[in-house]
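Let's take a friendly walk through this structure together. Have the sequence and the 3D view at hand as we go.

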Amino acid sequence: MYIQLYEAIRDVIEDDNIQSEKLPSIRSLSKQLGVNNVTVVNAYKLLEQENYIYTVKGSGTFIKRPSFSQDSYLVEEGDMELMLSGIYPLLKNSIDFASVSPTAELFPIEEFKKSLIEVLDRDGGQAFLYPEITGFGPLRESISEFLLEHYSISATKDQILITSGGQQGLDIISKTLIQPGDVILVENPTYPGAFAAFQSRGAKIIGIPMDEDGIDLDGLKSYVKRYRPKFIYLMPNFHSPTTICYSETRKKDVLRLAREYGFYIIEDDFLTDLSFSDDNKLPLKTMDKFDQVIFIKSFSKIFMPGVRIGFMTLPKALMKDIIKAKHTTDISSSGYLQRAFDLYLRKGFWRDHIENITAFYRDRYQLMISGLAKLKHFGISYLEPVGGLSIWVSLPKEFDAIELYEECGKRGLAIVPGKVFFTDSSDSEKFIRLSFSAVGEKEINKGLGILEDILSKSENEPSEKYMPFL
C-alpha cells in the first residue's frame with residue numbers, strides 16, 4: 001500500500017500538479033486517506049530516497065524541485081530548498097565558511113595578463129576563431145605534458161578533451177553514458193553537482209558509504225554484482241565533502257573491480273595539487289593500465305574560476321560519442337582563453353602559482369585546525385586531511401546540523417550542513433562542512449568564536465527532544 005501511495009504522489013509531483021510546496025503532515029494525510037501512519041511514513045521515506053521530497057525538522061515535508069549544480073551562490077536568507085539542491089545560501093556580509101572557491105587575492109593576474117596580451121600580439125583575430133571541438137591543439141599538448149610531469153599519467157593530446165570547467169565534463173559523461181534507468185554508483189556523501197548531472201539524465205543513483213580509506217569495498221562489490229552499473233563516480237584525493245584520501249590499497253582494489261566487471265570509473269579531481277604535507281597524492285588514473293578511468297580535472301578551484309578551464313581524458317572506445325556530446329553542449333570552449341592558458345603552462349607559471357597558494361592555504365588550514373581543536377570538548381570530531389580547502393566535522397548526537405546551520409546564519413556565519421551532500425538521509429544530520437578558502441585569519445577566528453558560542457549555549461540548555469511512541 002505504501003508503494004501505491006508513493007507512486008501516486010510521485011506522479012502528481014512529476015506532472016507538477018501540486019500547488020503547495022509543502023506536503024500534508026503524516027497524521028493528516030493518513031487520516032484523510034484512512035490508512036495507517038506507517039503507510040504514509042514509508043511512502044514519504046521512499047519519496048525522499050528517490051529525491052522527490054525533503055524534510056526540514058520542525059517545519060515539515062516539502063517537494064524538491066530540479067537540482068542546480070553551482071557550488072556557491074548568493075541568495076536570500078532561509079531558502080532551504082536551494083541549499084538542499086546544491087546552491088549554498090550565503091548571507092550578505094557573512095563570514096563565509098561555506099564556499100570552496102578561491103580568494104581573489106591569490107589570482108595570478110599579472111602572469112595571466114602577460115599570456116593574454118602575448119596571444120593577441122601573436123595570433124591577432126585568429127585567437128577568436130572556433131578551436132577544434134576537442135580543444136586548442138597546443139593546449140592539449142601542454143596538458144599531456146602536464147599529466148606526465150605532475151601525475152605520471154601517459155595520455156596523448158588526442159586522448160584529451162578541453163572542457164569549460166569540471167562540471168561540463170560531468171555533463172558530457174552523463175549525455176554519453178547514461179540512459180534513463182541506468183544505475184550509477186557514487187560515494188555517500190558526494191558532490192551535489194555530479195548528483196544533479198546524473199539525475200538529469202534519468203539515472204538511478206545509489207550512494208555507497210565511505211570509511212577512512214575511501215569507498216566501502218564490500219558495499220561496492222555487492223552493488224556492482226547486483227546492478228552492473230555503467231560507471232562509478234569517485235573523488236579519490238581530498239574527497240568533497242569528507243576530505244578523505246583513498247589509500248593506495250583501496251585504489252588498487254577499486255581498479256581491479258572495474259576491470260573484473262567492466263565498468264568505467266569517473267575520477268573527479270580538482271584539489272590533488274593542494275597538499276600541505278610531503279606526501280604528494282597521485283590520482284587513481286596514474287594506476288590505470290586498462291583505460292578504465294575517465295579523468296576529469298578542473299583548474300577552477302586553484303586557478304581562476306571565471307576562466308572555466310578543465311579537461312578530461314577520453315577512453316578510445318568512447319571517444320567519438322564524447323566528442324559528439326561536447327559539440328552539442330557548446331560547440332567548443334573559449335579559444336582565446338585556451339591559447340592564453342597554454343602559454344601560461346608553457347612559461348612555467350603554474351608551478352609557481354601552486355607553490356604560492358599551497359603556502360597561503362597551509363597557514364589558514366593550520367589556523368582552522370588549531371581553532372577546532374579547542375572545540376573538541378563539545379564532542380565534535382574530524383579528520384585532519386592535510387590538504388584541500390575544507391574540514392568535515394562530525395557533531396555530537398545531541399546536535400542537529402540543520403538547526404546549527406540556521407543558528408549560525410542568524411549570527412552571520414555561513415556553513416554547509418551535511419544533508420546537502422548525502423544521497424539519502426542516513427547520518428546526514430550529524431555533519432557540517434567548514435571551508436577556509438574565502439576567509440582571512442580574523443574571519444576564521446571570529447567564525448570559530450561564533451561556533452563556540454552556539455555550541456556552549458546549546459550544551460547548557462535542557463534537552464527538548466522526545467522519544468517516539470511505538
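A good place to begin is with strand 9 (residues 264–269) and strand 10 (residues 293–298), which pair in the parallel sense over five bridges. To find the register, look for I266, whose bridge partner in strand 10 is I294. Keep in mind that you are looking at a predicted model.

Now step back to the sheet around this pair. Eight strands form an open sheet in the order 4-11-10-9-8-5-6-7, with mixed pairing. Its edges are strand 4 and strand 7 (214–215), each of which pairs on one side only. In general, strands of a sheet pair through backbone hydrogen bonds, either parallel or antiparallel.

At one of those edges, strand 4 is joined to strand 11 (residues 310–313) by four bridges, and the two run antiparallel. Here T163 has G310 of strand 11 as its bridge partner. Are the faces of strand 4 covered or open? Both faces of strand 4 (residues 160–163) are covered, with I160 and I162 buried on one side and L161 and T163 buried on the other. That arrangement fits a general pattern: in a regular strand the side chains alternate between the two faces of the sheet.

Let's turn to charged pairs, starting back at strand 10. The side chains of K297 and D273 meet in a salt bridge, 2.8 Å from N to O. Because K297 lies in strand 10 and D273 in the loop between strand 9 and strand 10, this pair ties together parts that are 24 residues apart in sequence. Both K297 and D273 are buried.

A second salt bridge joins R351 and E149, at 2.2 Å from N to O. R351 belongs to helix 13 (residues 349–373) and E149 to helix 6 (residues 137–151), so the link ties together parts that are 202 residues apart in sequence. R351 is partly exposed at 43% relative accessible area, while E149 counts as exposed at 53%.

Finally, visit helix 3. N36 caps its N-terminal end, with a side-chain oxygen 2.8 Å from the backbone nitrogen of V38. How far apart are the end C-alpha atoms of helix 3? They are 18 Å apart, which agrees with the 18 Å that the 13 residues of helix 3 (residues 37–49) should span at 1.5 Å a residue. Within helix 3, T39, V40, A43, Y44, L47 and E48 are buried. These residues cover an arc of only 165° around the axis, which puts them on the same side of helix 3. Just after helix 3, N51 takes a positive phi of about 70°.

Key:
Residues numbered from 1 in each chain as written. Predicted model: local features only at pLDDT ≥ 70, side-chain atom pairs only at ≥ 80, totals over all residues. Heavy atoms only, no water. Expected span 1.5 Å × (residues − 1). Buried < 20%, exposed > 50% of the residue type's maximum accessible area, 1.4 Å probe, protein only. Arc of directions from axis to C-beta. Polar contact = N/O pair within 3.5 Å; in protein donor to acceptor, adjacent residues only side chain to side chain. Pairing = 2+ DSSP bridges. Salt bridge = Lys/Arg side-chain N within 4 Å of Asp/Glu carboxyl O.
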